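Student: I'm new to this one. Can you walk me through it?

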Amino acid sequence: MQKLLLLGAEAIAQGAIDGGMSGVYAYPGTPSTEITEYVQQYDLAKERNIHSQWSANEKTAMESGLGMSYAGKRAMVCMKHVGLNVAADAFINSAITGSNGGLLVTVADDPSMHSSQNEQDSRYYGKFAQIPILEPASQQEAYDMAYFGFQLSEKFNIPVMIRFTTRLAHSRAGVERKPLLDQNELVLPSNPTQFVLLPAIARKQYKGLLNSFAGFIEDSEESTFNHYYEGTDKKLGIIACGLAYNYLMENYTETELAHPVLKIGQYPMPRSKVEKLMEECDEVLILEDGYPIIEELLKGYLAKEKVHGRLDGSLPRDGELDPNLIAKALKLASEDEVTEIPQDVKDIIANRPPAMCVGCGHIDAYNALNEALSDYGLGRVFSDIGCYTLGALPPYNAINSCVDMGASITMAKGAADAGLVPAVSVIGDSTFTHSGMTGLIDAVNESSPITVMISDNFTTGMTGGQDSAALGKIEDICKGIGVDPEHIIVFTPLKKNHDQMVEIMKKELAYDGVSVIIPRRQCIQTTKNVALNERIRELNLR
Amino acid sequence: MKTDIILAGVGGQGILSIAATIGMGALANNLHLKQAEVHGMSQRGGAVQSHFRLSSDPIASDLIPRGGCDIVLSVEPMESLRYIDFLKKDGWIITNSTPFVNIPNYPDVDEVIAKIKERKNVIILDADKIAKEIGSPRSSNIVALGAATPFIDIPFESFEEAIKLIFKKKGEKIINANIEALRAGRAVADAR
Ligand SMILES: Cc1ncc(C[n+]2csc(CCOP(=O)(O)OP(=O)(O)O)c2C)c(N)n1
Ligand code: SF4
């Protein structure tokens, strides 16, 4: 069969479809977005009636996936690493309920923070939940792990995590498909109380999870994703997890790698293989494209000197790995090639940070907001995550925070409670329905003196223009939550409306209660999106 | 055979079309390939790059090792310099000379070009101008690719076939414009 040229993210989608998936549940987030988009655009997925519509946030996605699994079908939940923080309650408890139909939780980490606010390592969450984790080293493994992951999940009735990183998610290579499997029939769990986590039942379920753990290890021992490569030079042994294995091998394309290597693709760690490596080698180098989680496990509290990696400086403590860093850790780096940019060249290369598109409505809204706030002094604008976060950069310098999705409204409320009045929140439409609206209830219940600006562009802009769950609903949601309709004001952010916007903002900033102002104009990157344009017309939003 | 290429430019300049074209050409010739792209935040007008690896043998890393890159192919002059720590000493820089100025502190273009010329193997072409001359101003990325084709171990016809496939949905006119762009770029390299 001809290989498909796929991004790592797409390979996971293809593997899951071929492996008999009935639904993918996700909220967009770089670098995980392409998994769901692939399913949405794939004819075979439509033919097979595979669910692929976006969820409002990662928690609702996780719970819907669990519901599909409850009903006996195979489901995959996808998110970026910080999305798992949002879904954590459902995720951790899904390990206690266990699954019925195969359940994959696919999480894309972002070491070096290419598009994120941190570089947390989702393997900690997998370990915390005490479930098996798969970590692909290549696009083919990404495919295979999604394909076989459902079977692993069904073998133990447990959700399985697939953890991968930006580099693999957004890198393309040839992938070979496996035979297309049927979807599961609808079958209820054989134990009717499996999903009822009342303490008495939860205690039993939890013991069951603990008892399964030996089985997880055994499965890891036999897994083809874990491999022990024998070596003759036992002064050093190497454990390479996921993508780090490729970076290691890149250094041995011309010479032979003589050290024993344990390649890890499935956790919990295959204990006997680890023991063998630790026993037969004088020292061990651990390569992980993330936090030093295995290194810490093996080094232990007493910091055994034999174990090297990110904790003892052999590798940098943070950031993404690459072939050069590993060459350095192995003392292979050769000096004959230039590997630094000469200073005189560095001096003329200007930084080119991302910026809001010319003509974006957020820009007009910020220009008005900056002017409206000039009477009050700086430091009172709490913002959120989206394209509008770029308003933190010059020339706008318009916002003072960006922490996690939804935090703008609640942080503004807390600051107002502390006496910072008025406090302003700036949030996007998609972020508002993701997790802004719950915070708005807190503010309404206490009539907090905050002004919430929901910059509505009809889409999830930052991640590439996915559907926004908020489309056409924002005013009704705010009214339903209890915001006084007189203080819900919509306007069009355009240069020609600048004075009008400033006036509205000044008035609402002076109001002693919750007001919601909604600059509303379509994201200019979506103007060719036919389906969206149709919806906008139907809903009369223009 | 092995060719490692860094594609450089600014978000929205069509680097991914270049990558897709080389990718198709590589597949047609049964070569192994890995191509790491940048998606997300930086696509909003930020600096973007793609690591493109081609080989007759299986490829290990998705990232090109620093100091091991054969070609930096850039659709913008300053961006070509951003990755020269990856380039081998005798590696090639092939770059468009028209700057993409979306920042207030863009350096003096002549100085940038002078720095590029300090390297041993360089092709600098005004891909924007060439694309305009052939009546296809949006194909300057493919002009730049054309100038790099002599250094990539894929027959020239395969690039043309790849363009036909990639722009299939956009119709005959766009396909022909891009093929012409590819040939115009190639001609610059050949006339060297
Ligand atoms: C918990 C979490 N999930 C997903 C993301 C990825 N993400 C960052 S911005 C964004 C979209 C925000 O859309 P919106 O609020 O409508 O603003 P816009 O980008 O359209 O201006 C998403 C999904 C994230 N940072 N955190
Ligand atoms: S993608 Fe849309 S929302 Fe984001 S900066 Fe561009 S126009 Fe604005």
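Tutor: Sure, starting with Ser140(B), which sits in helix 5 of chain B, residues 140–148. This is a predicted model, where local features need pLDDT of at least 70, side-chain atom pairs count only at pLDDT 80 or more, and totals for chains, interfaces and linings use all residues. Residues are numbered from 1 along each chain as written, chains are lettered from A and ligands numbered from 1 in written order, and side-chain values use heavy atoms, leaving out hydrogens and water.

Student: Is Ser140(B) buried or exposed?

Tutor: Buried means under 20% relative accessible area, exposed over 50%, partly exposed in between (1.4 Å probe, protein chains only). Ser140(B) has 14% relative accessibility, so the label is buried.

Student: Which side chain joins that of Ser140(B) in a polar contact?

Tutor: Look for a pair of N or O atoms within 3.5 Å, where one must be able to donate a hydrogen and the other to accept it. At 3.4 Å, the partner of Ser140(B) is Asp128(B).

Student: In what order do the 8 strands of the open sheet run?

Tutor: Strands here are DSSP runs (E, at least two residues; helices are H or I, at least four), numbered from the N terminus. Two strands pair if DSSP finds at least two bridges between them. The pairing is mixed, and the order is 1(A)-7(A)-2(B)-3(B)-1(B)-4(B)-5(B)-6(B).

Student: Which strands stand at the edges?

Tutor: Each edge strand has a single partner, so one side of each lacks a neighbour in the sheet. They are strand 1 (4–7) of chain A and strand 6 (121–125) of chain B.
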